[in-house]
Amino acid sequence: QQQLESLLLKQKNIYSKLTQLADKLTRKRGVAAKDFAEKLQSQVRLLEMPRAEIRVNVTKTDHLTPSGQDQVDFLFGANGSASIADISKVASGGELSRVMLSLKSIVAKYTSLPTMIFDEIDTGVSGKIADKMGDLIGEMGKNMQIFAITHLPQIASKPGAHFLVYKEYDEQDSARTYIRQLSENERVEEVARMLSGSQLTASAIQNARELINRSK
């Protein structure tokens, strides 16, 4: 009985210390959330969403977790605060792609990550938006190594090494995946395929060359 009481007292003291630390973390998150939301909103608005609104709500819960005692919700409205709601419920695929890229670009400024990998983070976007996302990825690449897996010519044409991932089949019809760096001419052809499909035309080649040269 004495040992049980001792353990219960120890548990109570530990829980008290944990709640104090959680309270401190909640206060710091509350302060940081506003500044982070403003930075994220500013970055997102540069990607063709000039009226986007973003808020980060930190709500204290009644249970402890390894990351504290808070629930963090991201609220998003593409067309102003009137439409703002949980981002997972209202954002389209293209909007999510832009928010995620913006978030990662901010995080990259405050961390020492040597490499980031974007696996088709441009899903759901095209044209001018894709071009601006490519510029943002390029800016991040000045301070760290970036691998961007893409099917969009606007992003594939940005400065940097261009690698082609492809499959080949052996006599037993087993697939093998390969990767190789493209030469300048091969890169033009690959960007042209992204623009026009498998049938390369003179105009597609010319457009690809202009796109690559414009990005230099």
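**Notebook: a surface patch and salt bridges**

I looked up L18 and found that this residue is partly exposed, with a relative accessible area of 42%. I note that the model is a predicted one. I then located L18 in helix α1, which spans residues 2–45. I recorded that L18, together with I14 and L21, makes a nonpolar surface patch of about 280 Å².

I turned next to the salt bridges and noted a count of 11. I examined the pair D135 and K158, whose closest N and O atoms are 2.8 Å apart. I saw that this pair links distant parts of the chain, with the two positions 23 residues apart in numbering. I placed D135 in helix α4 (residues 127–140) and K158 in the loop between α5 (153–156) and β6 (163–169).

I asked whether K158 is buried or exposed. I classed K158 as buried because its relative accessible area is 10%, and the cut-off for buried is under 20%. I entered D135 as partly exposed, at 40% relative accessibility.

I also looked up the salt bridge between K142 and E139, with an N to O distance of 2.8 Å. I listed K142 as exposed, since its relative accessible area is 60% and exposed means over 50%. I listed E139 as partly exposed, at 45%.

I finally checked E186 and R180, which form a salt bridge with their closest N and O atoms 3.2 Å apart. I found E186 partly exposed at 28%, and R180 partly exposed at 34%. I added that E48, K128 and K132 are joined into one network by salt bridges that share partners.

How values were computed
Residues numbered from 1 in each chain as written. Predicted model: local features only at pLDDT ≥ 70, side-chain atom pairs only at ≥ 80, totals over all residues. Heavy atoms only, no water. Patch = residues over 30% accessible without salt bridge, like charges linked within 9 Å, V, L, I, M, F, W, Y side chains within 5 Å. Areas by Shrake-Rupley, 256 points an atom, 1.4 Å probe, with all protein chains shown as cover. Salt bridge = Lys/Arg side-chain N within 4 Å of Asp/Glu carboxyl O. Helix = DSSP H or I, 4+ residues; strand = E, 2+ residues; numbered from the N terminus. Buried < 20%, exposed > 50% of the residue type's maximum accessible area, 1.4 Å probe, protein only.
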